[in-house]
Every structure is written in C-alpha cells, then in structure tokens.
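Me: Please take a close look at the salt bridges in this model, and in particular at how their partners are placed along the chain and how exposed they are.

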Amino acid sequence: MIGHEEDAPSLVPYVHAPETKQQLTYADLVTIDLGEFDRPGGKQILAAQLKNALTEIGFFYITNFGLTEEEVNRQFAIARDFYTLPYSEKIKYRGPMEQDGIYNGYRPAGATEVKPGLRDNIEHYNILKFLPQFEQSHPEVLCRHWNEIGQFHRHVHEHITYKLLRLIAIALEIPEFYLVDGHRYESNCDSHIRYMMTRARSPAENQKFKNIYLRGHTDRGTLSFVFHQPVAGLQVKRNKVSDWEYVKIRPGTAVVNSADLIEIVTNGYLKSGLHRVVAPPEDQSSGDRLGVLYFVRPSDRLGLRVIDSPLLRRLGYYRESTTHGVSALMWTREQVRKAFASDPKATTQMGGFTAISFHE
C-alpha cells in the first residue's frame with residue numbers, strides 16, 4: 001500500500017460504471033502475477049510468460065502489483081474532480097507538445113484527427129515525475145492531493161515497472177538491471193501519469209465517426225499501463241489480418257502493453273501492442289469514459305540501438321547500431337513533437353528509425 005487512509009485528504013468515493021451485459025469478443029491475454037516475482041524460480045517463470053505475450057500481441061494483464069483497489073479508485077476520484085473544472089481553467093495548463101515533445105499538463109479534446117475533418121473527443125491531464133526539475137504549477141484540485149498522486153506515481157514506476165523491465169531483461173538473457181538503468185525514476189525522462197477523459201458522443205456522432213474514438217496505433221515509449229476500466233472500448237489486434245478484440249480490465253487488474261521502444265531495441269522480436277478505442281456498447285454509451293493510465297518513457301541513459309542480447313543474436317535479430325549519439329529520450333520527444341506539429345498521419349524519422357505518428 002502507498003499510504004494511510006487517515007492521512008489522505010477527503011474525497012467523494014469514485015463509483016465505476018457497471019460492466020456491459022452485451023456479448024463481446026475479449027482477447028485472451030497472459031496474466032503476470034507479480035506476487036510470484038520474489039518466490040524461488042518465480043522471475044524465470046514470469047519472464048517466460050512475458051516473452052510469449054510480447055512476441056505474440058504486446059499486451060498482458062498484471063495482478064498483485066502492490067496497490068489496493070481503493071488506492072486505484074482514489075486516483076479515479078481525483079481525475080473526476082479535475083474534470084469538473086471549466087475549460088477556461090483547464091486550458092491554462094496546456095502542455096507544450098508541439099514545442100517540447102513532452103506530455104506535461106493539459107491536452108484538450110480535438111487535438112488530432114480521427115478521420116479527415118473529424119477531431120477526437122479525448123482530453124487528458126499528464127503529470128511528469130515528482131522531481132525538482134519537473135516542478136510547475138498545477139490546478140488546485142490536483143495540488144490538494146499532490147503527495148498521494150506522487151506516491152502512486154513512484155509506486156507504478158519503481159515497484160511495478162522495474163519488475164517488468166527486469167523480467168524482459170531475463171527473457172532477453174541480458175543483465176537483469178540493464179533496462180531498469182535506462183528508466184531510473186531519478187533520471188531525465190518523460191514518464192507520466194495520465195488522467196484521461198473520453199467524452200460520450202450521440203448515436204448520430206458515433207455513426208459519423210464509424211464508432212472510432214481513437215484510431216489504431218502503437219504507443220511511443222516503453223510500457224503503458226491502464227488501470228481498472230469496466231467501460232468497454234479498448235480493443236487490441238494480434239496482427240494485420242486478425243480481428244479486433246476487446247480488453248476487459250477487472251478490479252485488482254491492470255493491462256500493460258509494450259510500446260515502440262521495446263520493438264526498436266529488440267529489432268522487432270518483441271512487439272509494440274497495436275490497439276484502438278471504439279465507442280462503448282449501447283448499455284454504456286451514454287456516459288463519459290474516465291481512465292487512469294501510466295506511460296513509461298526511456299531516459300537519456302538509454303541509447304536508441306538494438307540490444308546486444310544472446311537471444312537476439314541466436315535468433316538473427318541483432319544488428320549493429322547506426323545511431324551512435326541518439327538517445328531513446330530524444331527519439332520519443334521527436335515523435336510527440338512531430339505528431340502535434342504536423343499531419344498526424346505523417347511518418348517521422350530519426351537516427352534511422354521510422355514510426356507512424358499516431359498519438360497515444
């Protein structure tokens with residue numbers, strides 16, 4: 001647990017929407033039980049499970065990750081209270097995505113196209129790591145819960161992310177802390193918590209958008225977390241010819257996907273999870289969809305090159321780097337900056353690596 005209830009400021013409890021009663025096709029994802037991590041042989045078993053998930057689809061569930069459902073729900077309550085603010089107040093904290101390539105602060109709805117001439121209905125507020133170099137002003141509704149947000153932020157990064165990066169390293173047969181060292185909390189990187197609001201559309205609007213809220217894309221960075229979400233909408237795709245399948249995120253569970261950096265540093269051996277968000281089913285379609293997410297970004301300590309892994313060498317995925325001097329941090333910021341400063345469908349290139357500038 002990250003804190004004591006009696007020390008936390010009061011919040012009206014958050015009540016999630018009921019799950020849909022419609023019959024949907026759900027993806028069969030691997031579950032990584034982090035409660036097994038410190039047991040004898042546990043890391044090796046989990047690393048093998050994770051390798052299977054990341055070579056097949058790039059998505060998996062985690063359980064027993066050290067946060068109670070109440071602690072997660074308090075983050076939803078904080079997010080809910082933020083979205084009671086008027087637009088005139090939220091826009092004061094707009095993040096510098098176009099200039100700096102960093103999600104830091106408010107991102108208003110309509111920032112990108114879903115289809116030609118049609119803008120998205122998603123807004124979010126992003127908070128970088130709780131370190132002196134990232135200090136800035138935030139709305140008072142967030143500041144009153146600042147310590148609690150910071151504890152949650154650090155826990156996800158240092159007590160969940162580190163474990164997953166160690167498991168990936170074990171799977172790749174490289175030193176266990178290689179990836180952790182490129183993602184240290186105290187380092188210069190853009191990892192952030194996100195409070196995301198997807199506003200409901202009318203049936204007529206959904207028809208015009210062909211029920212798409214967020215088009216198919218992969219995420220920038222390293223790993224992405226989505227916490228308990230009963231409103232169906234997130235869909236994943238195993239490959240170009242497979243069908244889209246829903247992801248069900250139950251209480252006590254989070255879904256995690258690998259992002260573009262994981263695919264780059266393994267030269268495609270591990271996949272960046274392809275996903276999209278669609279309009280919720282009819283019995284959930286009238287309400288807004290609130291989300292609590294965490295995005296793990298690489299630091300300037302990690303180079304943008306294929307890892308010299310014994311496993312990748314044996315399987316023929318290793319190749320010599322042509323990107324000396326390019327950090328993974330520089331690359332991820334460039335992807336964000338270009339996505340907001342130009343055509344969202346354009347491709348961007350840096351250091352020999354190319355990615356589609358879809359936003360996450």
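Reply: What follows goes through the salt bridges of this predicted model, one pair after another.

The count comes to 22 salt bridges, and one of the pairs joins Arg-199 to Glu-123, with the closest N and O atoms 2.9 Å apart. Because Arg-199 sits in the loop between strand S7 (192-198) and helix H8 (203-208) while Glu-123 belongs to strand S6 (residues 122-128), this pair ties together parts that are 76 residues apart in sequence. The two partners can also be described by their accessibility: Arg-199 is partly exposed, at a relative accessible area of 25%, whereas Glu-123, at 5% relative accessibility, counts as buried. Both residues belong to a network of salt bridges, in which Lys-90, Glu-123, Arg-199 and Asp-288 are linked.

Another pair is formed by Arg-250 and Glu-19, whose closest N and O atoms are 3.8 Å apart, a value that falls within the 4 Å cut-off for a salt bridge. This pair links distant parts of the chain, since Arg-250 lies in strand S12 (residues 249-258) and Glu-19 in the segment before strand S1 (31-33), 231 residues apart. Arg-250 is partly exposed, with a relative accessible area of 43%, and Glu-19 is partly exposed as well, with a value of 31%.

A further salt bridge connects Asp-81 with Arg-80, the closest N and O atoms being 3.0 Å apart. Here Asp-81 has a relative accessible area of 19% and is therefore buried, the limit for that class being under 20%, while Arg-80, at 22% relative accessibility, counts as partly exposed.

Technical notes
Residues numbered from 1 in each chain as written. Predicted model: local features only at pLDDT ≥ 70, side-chain atom pairs only at ≥ 80, totals over all residues. Heavy atoms only, no water. Salt bridge = Lys/Arg side-chain N within 4 Å of Asp/Glu carboxyl O. Helix = DSSP H or I, 4+ residues; strand = E, 2+ residues; numbered from the N terminus. Buried < 20%, exposed > 50% of the residue type's maximum accessible area, 1.4 Å probe, protein only.
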